[in-house]
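Here are my notes for anyone opening this structure for the first time. Have the model on screen while you read, and turn it as you go.

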Amino acid sequence: MKINTCLALLCSASLCAQFANAEDKASIRFGHFPNITHAQGVIAHALSRQHKGWFEERLGPKIDIQWFTYNAGPSAMEAIFAGSLDVTYSVKGRP
């Protein structure tokens, strides 16, 4: 879980660096599954809706966070490959 969080932060930081000098507001598109096994994404999405978002506080006002929900991993991966999603939460499966 900690590795996924660190990976999400690194991705968002690299995206922010690309838009640091841009005058327009940039957006990062996060995906998650809307179930209890992916609580990190569900909670982060809920906090963003309440204007208490963890990412928003740390990335600043020039970055807009957009949230999308997916029912399964393949659809989230398709969205990443298609370029319509930047980061997604996932849970490592059992060996």
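What follows is a numbered walk through the model, from the overall layout to a few individual residues.

1. A caution to begin with: this is a predicted model. Please read every distance and percentage below with that in mind.

2. The overall layout. You should be able to pick out four helices and three strands. Going along the sequence, they come in the order α-β-α-α-β-α-β. The protein has 95 residues, and 27% of them are buried. Its accessible surface is about 6,600 Å², with carbon and sulfur atoms supplying 60% of that.

3. How the chain meets itself. Take the contacts between residues with a separation of 6 or more: 72% of them join residues 24 or more positions apart. Several of the pairs below show what such links look like in detail.

4. The main core. Which residues make up the largest nonpolar core? There are 10 of them: A26, I28, F30, A44, F55, I63, I65, W67, V87 and Y89. Strand 1 and strand 2 (63–69) are the elements that give two or more residues to this core. As general background, nonpolar side chains in soluble globular proteins tend to be buried together.

5. Another core. Apart from the largest core there is another, made of five residues, including F33, Y70, A76 and L85. Try colouring the two groups separately to see how they sit in the model.

6. The aromatic residues. The structure has six aromatic pairs. In one of them, the ring centres of W54 and F55 are 5.2 Å apart and the planes meet at 90 degrees, so this pair counts as edge-to-face. The two partners differ in exposure: W54 is partly exposed at 36% relative accessible area, while F55 is buried at 6%.

7. From F55 onward. F55 also pairs with W67: the ring centres are 6.4 Å apart and the planes are at 50 degrees, so this pair is tilted. It joins distant parts of the chain, with F55 in helix 3 (residues 54–59) and W67 in strand 2, 12 residues apart. Both F55 and W67 are buried. Step back and you find one aromatic cluster formed by F30, W54, F55, W67 and Y89. Of these, F30, F55, W67 and Y89 also appear in the list for the largest nonpolar core.

8. Salt bridges, the long-range one. How many salt bridges does a search of the whole structure find? The count is two. In one, the side chains of D86 and R29 meet at 2.9 Å, N to O. This pair spans distant parts of the chain: R29 is in strand 1 (residues 26–32), D86 is in the loop between helix 4 (73–82) and strand 3 (87–88), and 57 residues separate them. D86 is partly exposed at 26% relative accessibility, and R29 is partly exposed too, at 23%.

9. Salt bridges, the other one. Here the side chains of R58 and E57 come together at 3.5 Å, N to O. Is E57 buried or exposed? Since its relative accessibility is 58%, and anything over 50% counts as exposed, E57 is exposed. R58, with a relative accessible area of 47%, is partly exposed.

10. A histidine worth a look. H45 belongs to helix 2 (residues 39–49). Its relative accessibility is 14%, under the 20% cut-off, so H45 counts as buried. The side chain of H45 makes a polar contact with the side chain of H32, at 2.9 Å. Beyond its neighbours within four places in sequence, H45 is in contact with H32, W67 and T69. W67 should be familiar by now, as it is also the tilted partner of F55.

11. Also in helix 2. V42 lies in this helix, and at 32% relative accessibility V42 is partly exposed. Not counting residues up to four places away in sequence, V42 touches H32, F33, P34 and N35. H32 is thus a shared name, since H45 is in contact with H32 as well. To finish, find V42 and Y89: they are 47 residues apart in sequence, and 9.7 Å apart in space, C-alpha to C-alpha.

Key:
Residues numbered from 1 in each chain as written. Predicted model: local features only at pLDDT ≥ 70, side-chain atom pairs only at ≥ 80, totals over all residues. Heavy atoms only, no water. Buried < 20%, exposed > 50% of the residue type's maximum accessible area, 1.4 Å probe, protein only. Contact = heavy atoms within 4.5 Å. Areas by Shrake-Rupley, 256 points an atom, 1.4 Å probe, with all protein chains shown as cover. Polar contact = N/O pair within 3.5 Å; in protein donor to acceptor, adjacent residues only side chain to side chain. Salt bridge = Lys/Arg side-chain N within 4 Å of Asp/Glu carboxyl O. Core = buried A, V, L, I, M, F, W, Y, C linked by side-chain atoms within 4.5 Å. Phe/Tyr/Trp six-rings, centres within 6.5 Å; stacked < 30°, edge-to-face > 60°.
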